[in-house]
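Okay, everyone, thanks for coming. Let's get the model up on the screen and walk through it together.

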Amino acid sequence: MKRFSLVMVAALAACETAPGDGAFATANGARVYPVSADVFEVTARPNNEINQFWCGAGEYASRVLGAPNNARVYVVGEAGRGTVVDSPNAMQFSLLPPGQASGASGREGTWGPDLGEDEFVGDARYRCMRRTDFFAG
């Protein structure tokens with residue numbers, strides 16, 4: 001039981017702030033940065049972006065903002081270059097719909113979830129357990 005407890009503590013620590021850059025980090029590699037009081041930006045590694053984006057949004061909304069699993073998290077800036085950090089793979093999310101989220105880019109991208117698309121926080125968090133990059137090293 002003691003060994004299990006240590007493993008759980010280590011696993012939870014992996015979901016906390018990333019050293020050095022001040023981001024909230026998920027176990028699957030997404031990083032989340034606050035943009036404004038209403039908006040946060042999720043950056044993802046190549047090859048698994050869509051699940052990482054939703055995972056990061058759900059985890060941040062739940063763990064940092066305290067949103068319940070039945071709250072909605074909305075895309076308020078589609079995929080593209082980050083505004084907080086220099087990343088080619090970033091999206092903005094909010095617990096408020098587009099048009100109500102102060103500080104949202106409202107950017108339209110060429111791929112990924114569309115502006116205004118939403119998921120329940122619990123469903124977005126579930127994406128942290130999905131793995132779609134089967135052939136990635």
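Before I point at anything, a word on how I count elements: helices are DSSP runs of H or I with at least four residues, strands are runs of E with at least two, and both are numbered from the N terminus. Also, what you're looking at is a predicted model, so to speak of local features I need pLDDT of at least 70, side-chain atom pairs count only at pLDDT 80 or more, and totals for chains, interfaces and linings use all residues. Residues are numbered from 1 along each chain as its sequence is written, and side-chain values use heavy atoms, with hydrogens and water left out.

Right, the overall picture. We have three helices and six strands, and going along the sequence the pattern reads α-β-β-β-α-β-β-β-α.

The strands make an open sheet, in the order 1-2-3-5-4-6, with antiparallel pairing. For the record, two strands pair if DSSP finds at least two bridges between them. At the edges stand strand 1, residues 24-25, and strand 6, residues 118-120; each has a single partner strand, so one side of each has no neighbour in the sheet.

Now, what lies across that sheet? Helix 2, residues 49-64, lies across strands 1, 2, 3, 4, 5 and 6. Its angle to strand 3 is about 140°, with axes taken as lines fitted to C-alpha atoms, for helices over the stretch in contact, and angles running from 0 to 180 degrees between N-to-C directions. Contact, here and later, means heavy atoms within 4.5 Å.

Let me zoom in on strand 5. On one side, strand 4 (residues 72-80) is joined to strand 5 (residues 90-94) by four bridges, and the two run antiparallel. Within that pairing, Val75 sits opposite Phe93, and Gly77 sits opposite Gln92. Strand 3 is also antiparallel to strand 5, with five bridges joining them, and there Val42 has Met91 as its bridge partner.

So how covered is strand 5? Five of its five residues are buried, where buried means under 20% relative accessible area, exposed over 50%, and partly exposed in between, using a 1.4 Å probe and protein chains only. And that goes for both faces: Ala90, Gln92 and Ser94 are buried on one side, Met91 and Phe93 on the other.

For the protein as a whole, buried residues make up 41% of the 137 residues. The accessible surface comes to about 7400 Å², and 55% of that belongs to carbon and sulfur atoms; those areas come from the Shrake-Rupley method with a 1.4 Å probe, and for residues only the protein chains shown count as cover. Then there's the contact range: of the contacts with a separation of 6 or more, 59% are between residues 24 or more positions apart.

Next, the loop between strand 4 and strand 5. Ser87 lies there, and so does Val84. Which of these is buried, and which is partly exposed? Ser87 is the buried one, at 11% relative accessible area, while Val84 counts as partly exposed at 39%.

Ser87 touches Thr43, Gly80, Arg81 and Gly82, leaving aside residues up to four places away in sequence. Its side chain also reaches the backbone nitrogen of Asn89 at 3.2 Å. That's a polar contact in my terms: a pair of N or O atoms within 3.5 Å, where within protein one must be able to donate a hydrogen and the other to accept it, and residues adjacent in sequence count only if both atoms are side-chain atoms.

Val84, with the same sequence neighbours left out, touches Tyr33, Pro34, Val35 and Glu41. Take Pro34: Val84 is 50 residues from Pro34 in sequence, but their C-alpha atoms are 8.1 Å apart.

Over to the loop between strand 1 and strand 2, where you'll find Thr26. Thr26 is buried at 5% relative accessible area, and its side chain makes a polar contact with the side chain of Asn28 at 2.6 Å.

Last stop, the disulfide, meaning a pair of cysteine sulfur atoms within 2.5 Å. The structure holds one: Cys55 with Cys128, sulfurs 1.9 Å apart. The torsion about the S-S bond is about 100°, so the disulfide is right-handed. Cys55 is in helix 2 and Cys128 in the segment after helix 3 (121-126), so the pair ties together parts 73 residues apart in sequence. As for exposure, Cys55 is buried at 0%, whereas Cys128 is partly exposed at 25%.
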